[in-house]
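This report takes up two topics in turn: how two chains meet, and how one residue is placed.

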Amino acid sequence: MSPSLALHPLVRADGSATFTSNLYTVLAAANGPVEVSRRDELPEEAAIEVNIRPSSGVGGPRERWMESVITSLLRSLLLVHLHPRMLVQVTLQITAEPSIKLKRGVADVALLPTLANAAFAALVDGGLPLERTMVAALAVVREGEVVVEPTEKDLVGCQSVHAMAYSMKGEMLLTESTGRFDLELWEDVSERLRETTMAAMAKAGEDEGMEGGAEKGEPWLRHALKENVVKANAWREGG
Amino acid sequence: MPSEPAPSTNESTFLLSALRENIRLDGRALDAYRPISLTFGSEYGTADVRLGKTRVLAKIACEVTTPYPDRKFDGIFTINTELSPLGSPAFEVGRQDTTELLLSRVLEKTIRRSGALDTESLCIVAGQKCFHLKATLHVLDHDGNLVDASCLALVAALLHFRRQDIEVKGEDVTIFDVREREPIRLTIQHRPFCVSFSYYHNGEVMVQDATLLEEQCRQGEVVVSMNRFGEVAQIAKYGGAPVDGLSVLSCTTAALERVKGFDRMVTEALKADEARRDEGGLMAELSAENERPTGSMLVGSEN
């Protein structure tokens, strides 16, 4: 099942997106560039503030850690030097979670790709200047086999979990793993995830030509963004 | 951005002079609400309320803890209303502003202190174990009248929520997973709803369901909370200008009509949600009740 992405569900935020993966649903809002507090101001680039809000209760150390991971990822995406002494504010609200209680470490890593994709889509929707396009994906190793975009059941009793993000040029932007694995396995996983993420961004028609293109998933990100552009330019057509 | 940008002088004068002629900027009648939609999530205890452009998501979660030592027979029920920049860039993270403070106070008075939820039913073993019910409100879009939307979402979510079933044998408590035993509803004693009125021109003009712009220009507000039987849970008046006692009475009369509408809407939405979940009559199939043997069957077994 390919993940689903809806752009601009919110009214007040500059950019917003709802992203649903096999496991989680995250609602992201991006505001920027906005005024920054004196304390966080950076003289030569925009400050990035990420807030993660769990579906119930208030955030704790786990959320702070995920925020730091997403912040550094977004720093590599945004053209921060265009907006010095300003702030780009990203709020990520988790709205649906797996019903099975997962182990803490597993749940943290499993959530990261959904957060990253939602945050990226919100930035695109908000029209913030970006350096590159990216897609994040999740994989688990279960009984020695790599499962890409796992379901709830795959996560229970898996050996290791890997979250990775790649840019359109195939550069690795994020890698977080937990569990037991060796370098060889990690390389195998990263190659599989690279193929999956590339397929999500692939040009229309290009993936059919590739061997086994169908099983790597449809280019959902490209479809979603294209739809958005078509909608934004609809007024020109009528002219 | 520490605060919402104030409307310009032109904007506010225009709005106020229009209101003097009983005209609202969006063409609604003074006592009309924006279109309301109430939807429930796939899991129990999530309600999404849209009131025009305002959108609030309420979520209920439940866990087992020890009760407060001075309230041994009661479970714990907390309401968390933390505003985030999702709703408006003016809301800062980790800093409580007046909107949030008033919202949480009104909800506390309306739902918790009016005894809408029977906290005694959340007790498992007196003084040792009880359920802690956590209600979290997420304001996703802020375009005025957060109080009414939040209260509606919260009551709907409480009615929609099911907690895990338990079995107590002496000191031993078994908590059954949702997959093992059908979860059970909360004990709700009554359903209070909030209706807020904004007033202008020294209380001469009263407006229901104000938008953000109307809220920014108002002199003050009156929040009435009541259930459909007209039992008032609380009346709060915020803002400097005085209001006539009689107009407060007319507020409660108008609120009663509105609350009846809310109550009907919630009941219908719950019924529709139940019908959606019960597709194919699965609930009937899952029932543990034994089929009563009919007369002819009894005769058959005797032979």
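In this predicted model, chain B and chain A bury about 2,100 Å² between them, and carbon and sulfur atoms give 52% of that area. The contact draws on 25 residues of chain B and 26 residues of chain A. Two salt bridges are counted between chain B and chain A, and one of them pairs B:Glu82 with A:Arg53, whose closest N and O atoms lie 3.8 Å apart. Eleven residue pairs, with both partners at pLDDT 80 or more, are in polar contact across the interface of chain B and chain A. On the side of chain B that touches chain A, strands β3 (54–65) and β6 (129–141) each supply at least two residues, and the residues of that side divide into ten nonpolar, seven polar and eight charged.

The second topic is a single residue of chain B, B:Ser196, which belongs to strand β11 (residues 193–200). Is B:Ser196 buried or exposed? Because its relative accessibility is 7%, and buried means under 20%, B:Ser196 counts as buried. Its side chain takes part in the polar contacts tabulated here, each with another side chain of chain B.

| Side chain | Partner side chain | Polar contact distance |
|---|---|---|
| B:Ser196 | B:Asn145 | 2.8 Å |
| B:Ser196 | B:Asp148 | 3.0 Å |

Leaving aside residues up to four places away in sequence, B:Ser196 touches both of these partners, B:Asn145 and B:Asp148, and also B:Tyr33, B:Val207, B:Gln208, B:Asp209, B:Glu221, B:Val222 and B:Val223.

Conventions
Residues numbered from 1 in each chain as written. Chains lettered and ligands numbered in written order. Predicted model: local features only at pLDDT ≥ 70, side-chain atom pairs only at ≥ 80, totals over all residues. Heavy atoms only, no water. Helix = DSSP H or I, 4+ residues; strand = E, 2+ residues; numbered from the N terminus. Buried < 20%, exposed > 50% of the residue type's maximum accessible area, 1.4 Å probe, protein only. Polar contact = N/O pair within 3.5 Å; in protein donor to acceptor, adjacent residues only side chain to side chain. Contact = heavy atoms within 4.5 Å. Buried area = accessible area lost by both parts, 1.4 Å probe. Salt bridge = Lys/Arg side-chain N within 4 Å of Asp/Glu carboxyl O. Nonpolar A, V, L, I, M, F, W, Y, C, P; charged D, E, K, R; others polar.
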